Amino acid sequence: MGICGRLEQAFGDMQDFEFTVQDGRLFLLQARAGKRTALAAARIALDLLDEGVIDAATARERTYGLDARALVQRRLAAIDGGGPEPLAQASSASSGIASGEIVLDETRARARRAAGARVILVRQDAETRDIAALDLAEGLLTHRGARTSHAAVVARQLGKVCLVGCEALQIDAAERVVRIGGRALAEGELLTLDGNQGVVHAGEVAVVESVPEALIARLEVLHRSAQEQPDASLAR
């Protein structure tokens with residue numbers, strides 16, 4: 001934890017760093033600015049500003065364009081006091097709600113997107129070669145993989161809902177069918193990913209949207225302060 005703090009101070013940003021432990025010794029391998037969603041970008045920039053790690057100008061630069069529309073949060077709508085019954089659980093690598101047709105590869109994803117459909121990419125693993133298909137999809141669901149896999153990290157950066165490590169998922173590529181929790185769903189049927197709770201639902205589930213009002217208020221204060229500052233060149 002001490003090393004994390006030192007890296008954050010040195011680079012002035014939240015860091016994603018790699019390490020290994022060998023024979024009881026900790027070795028640092030590399031560090032880089034961590035990938036994040038729009039909501040996380042706003043929170044991180046404001047927190048770093050409050051901690052004195054970055055100045056107001058840097059915070060404004062990092063939060064430029066992050067308004068209510070960019071920071072809207074989606075969650076499943078409760079039905080009679082409860083939510084819909086999920087098919088299975090998985091590890092959430094990126095939060096949010098995404099619904100769309102099941103697609104198993106880039107070719108299908110591209111064809112359905114061209115037809116105006118929203119799609120959910122379903123794969124065995126979150127692999128680098130799936131990035132093009134992921135860019136077309138609303139979200140990604142995998143049988144294997146971890147939250148720190150490359151494709152999962154990219155999904156967060158792209159703002160895609162991403163669930164990985166869904167043990168109940170089986171993919172029959174020959175029949176173009178997926179089985180989740182004992183239910184068979186053909187490619188083209190609708191699927192909903194709940195990245196907030198880490199669960200998978202059949203069909204398209206109703207959602208409600210909200211905005212983080214307290215966070216938006218902090219952003220407005222930050223950007224308003226820049227407008228209220230006098231122009232130093234005019235003062236001279």
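**Pockets and a nonpolar patch**

The lining of the largest pocket comprises 12 nonpolar, 9 polar and 8 charged residues. The model examined here is predicted. In this model the largest pocket has a volume of about 700 Å³. Its lining counts 29 residues, and those closest to the pocket centre are V72, R74, S95, G96 and G159. Two helices, α2 (38-50) and α6 (150-158), each give two or more residues to this lining. Two strands, β3 (73-76) and β6 (97-103), do so as well.

The second largest pocket holds about 370 Å³ of space. It is lined by 14 residues. Closest to its centre are D16, K35, T148, V153 and R156. The lining of the second largest pocket divides into 3 nonpolar, 4 polar and 7 charged residues. At least two lining residues come from each of β1, β5 (91-94) and α6. Strand β1 provides the largest share, with 3 residues.

Strand β1 also takes part in a surface feature. A nonpolar patch of about 400 Å² lies on the surface and is formed by F19, V21, L26 and L28. Strands β1 (15-22) and β2 (25-33) each contribute at least two residues to the patch. L28 sits in strand β2. The relative accessible area of L28 is 45%, so this residue is classed as partly exposed. Residues qualify for a patch with over 30% relative accessible area and no salt bridge.

How values were computed. Residues are numbered from 1 along each chain as its sequence is written. This is a predicted model: local features need pLDDT of at least 70, side-chain atom pairs count only at pLDDT 80 or more; totals for chains, interfaces and linings use all residues. Side-chain values use heavy atoms; hydrogens and water are left out. Patches are made of residues with over 30% relative accessible area and no salt bridge: like charges are joined within 9 Å, nonpolar side chains (Val, Leu, Ile, Met, Phe, Trp, Tyr) within 5 Å. Accessible areas come from the Shrake-Rupley method with a 1.4 Å probe; for residues, only the protein chains shown count as cover. A salt bridge is a side-chain nitrogen of Lys or Arg within 4 Å of a carboxyl oxygen of Asp or Glu. Helices (H or I, at least four residues) and strands (E, at least two) are DSSP runs, numbered from the N terminus. Buried means under 20% relative accessible area, exposed over 50%, partly exposed in between (1.4 Å probe, protein chains only). On a 1 Å grid over the protein atoms alone, a cavity is a set of points where a 1.4 Å probe fits but cannot get out, and a pocket is an open set with protein on both sides within 12 Å along at least five of seven lines; lining residues have an atom within 4 Å of a point. Grid points are joined across faces, edges and corners, and a volume is the space filled by probe spheres set on the points. Ala, Val, Leu, Ile, Met, Phe, Trp, Tyr, Cys and Pro count as nonpolar, Asp, Glu, Lys and Arg as charged, and the others, Gly among them, as polar.
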